[in-house]
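Here is a short walk through one protein model. Keep the sequence and the coordinates open as you read.

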Amino acid sequence: MHYRIVIEPDEDGIFVAECPALPGRISQGKTRDEAIANTKDAIAGYVASLKKHDEPVPPPITEEIVEVST
């Protein structure tokens with residue numbers, strides 16, 4: 001599954017990663033790569049918990065890339 005995440009540095013230089021499709025799935029790391037790895041773990045755990053409790057799993061992202069001529 002693919003989920004979009006948003007990564008931004010906070011005022012202390014820590015990278016904060018959020019997954020908009022999964023409310024509350026916020027992770028952080030000292031580096032961008034660490035934040036991504038922590039977010040992957042958080043998403044995997046969250047999805048596993050949803051499945052274990054027979055709750056619906058939000059769908060992964062689907063994207064289309066469009067070309068716009070200017």
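Start at Ser27, which lies in strand E3. The model is a predicted one. Is Ser27 buried or exposed? Ser27 is buried, because its relative accessible area is 11% and the cut-off for burial is under 20%. Look at what surrounds it. Setting aside neighbours within four places in sequence, Ser27 is in contact with Phe15, Val16, Ala17, Ala35, Asn38, Thr39 and Ala42. Two of the elements behind that list, a sheet and a helix, are taken in turn below.

Take the sheet now. It is open, has 3 strands and follows the order E1-E2-E3, with antiparallel pairing. E1 and E3 are the edge strands, and each of them pairs on one side only. E3 covers residues 26-29. On average, neighbouring strands of this sheet are turned by 25° against each other, with direction ignored.

Now go pair by pair. Strand E1 spans residues 6-9 and strand E2 spans residues 15-18. They run antiparallel, and 4 bridges join them. One bridge partner can be named here: Glu8 is matched by Val16 in E2. The link between E1 and E2 is a hairpin, with 5 residues between the strands. Gly13 sits in that turn and has a positive phi of about 85°.

The other pair is E2 with E3. These strands also pair in the antiparallel sense, over 4 bridges. In E3, Ile26 is the bridge partner of Glu18, and Gln28 is the bridge partner of Val16. Val16 is thus a useful residue to click on: it is the bridge partner of Glu8 and has Gln28 as its bridge partner in E3.

What packs on the sheet? Helix H1, residues 32-52, does so, and it touches E1, E2 and E3. The direction of H1 makes about 150° with that of E3.

Check the length of H1. At 1.5 Å a residue, its 21 residues should span 30 Å. The C-alpha atoms at its ends are 30 Å apart, so the model agrees with the expected span.

Next, look at its faces. Ala35, Thr39, Ile43, Val47 and Leu50 are buried in H1. Why do these residues line one face of the helix? Seen down the axis of H1, the buried residues fall within an arc of 95°, so they line one face. An α-helix has 3.6 residues a turn, so residues three or four places apart point the same way. The buried residues of H1 pack against E2 and E3. Turn to the other side of H1, and Asp33, Lys40, Asp41 and Lys52 are exposed. After H1 comes Asp54, with a positive phi near 55°.

Two residues of the buried face deserve a closer view. Ala35 lies in helix H1. It counts as buried because its relative accessible area is 0%, against a cut-off of under 20%. Beyond its neighbours within four places in sequence, Ala35 is in contact with Phe15, Ala17, Ser27, Gln28 and Gly29. Ala35 and Glu8 are 27 residues apart in sequence, and their C-alpha atoms are 9.7 Å apart in space.

Thr39 also has its place in helix H1. Thr39 is buried, at 1% relative accessibility. Not counting residues up to four places away in sequence, Thr39 touches Ile5, Ala17 and Ser27. That returns us to the starting residue: Ser27 has both Ala35 and Thr39 among its contacts.

Finish with the nonpolar core. Which residues make up the largest one? There are 5: Tyr3, Cys19, Leu22, Ile43 and Val47. Ile43 and Val47 are also among the buried residues of H1. Leu22 is worth a selection of its own. Leaving aside neighbours within four places in sequence, Leu22 is in contact with Tyr3, Ile43, Tyr46 and Pro58.

Notes:
Residues are numbered from 1 along each chain as its sequence is written. This is a predicted model: local features need pLDDT of at least 70, side-chain atom pairs count only at pLDDT 80 or more; totals for chains, interfaces and linings use all residues. Side-chain values use heavy atoms; hydrogens and water are left out. Two strands pair if DSSP finds at least two bridges between them. Helices (H or I, at least four residues) and strands (E, at least two) are DSSP runs, numbered from the N terminus. Axes are lines fitted to C-alpha atoms, for helices over the stretch in contact, and angles run from 0 to 180 degrees between N-to-C directions. Contact means heavy atoms within 4.5 Å. A nonpolar core is a set of buried Ala, Val, Leu, Ile, Met, Phe, Trp, Tyr and Cys residues joined through side-chain atoms within 4.5 Å. Buried means under 20% relative accessible area, exposed over 50%, partly exposed in between (1.4 Å probe, protein chains only). The expected span of a helix is 1.5 Å times one less than its number of residues. The arc is that of the directions from the helix axis to the C-beta atoms.
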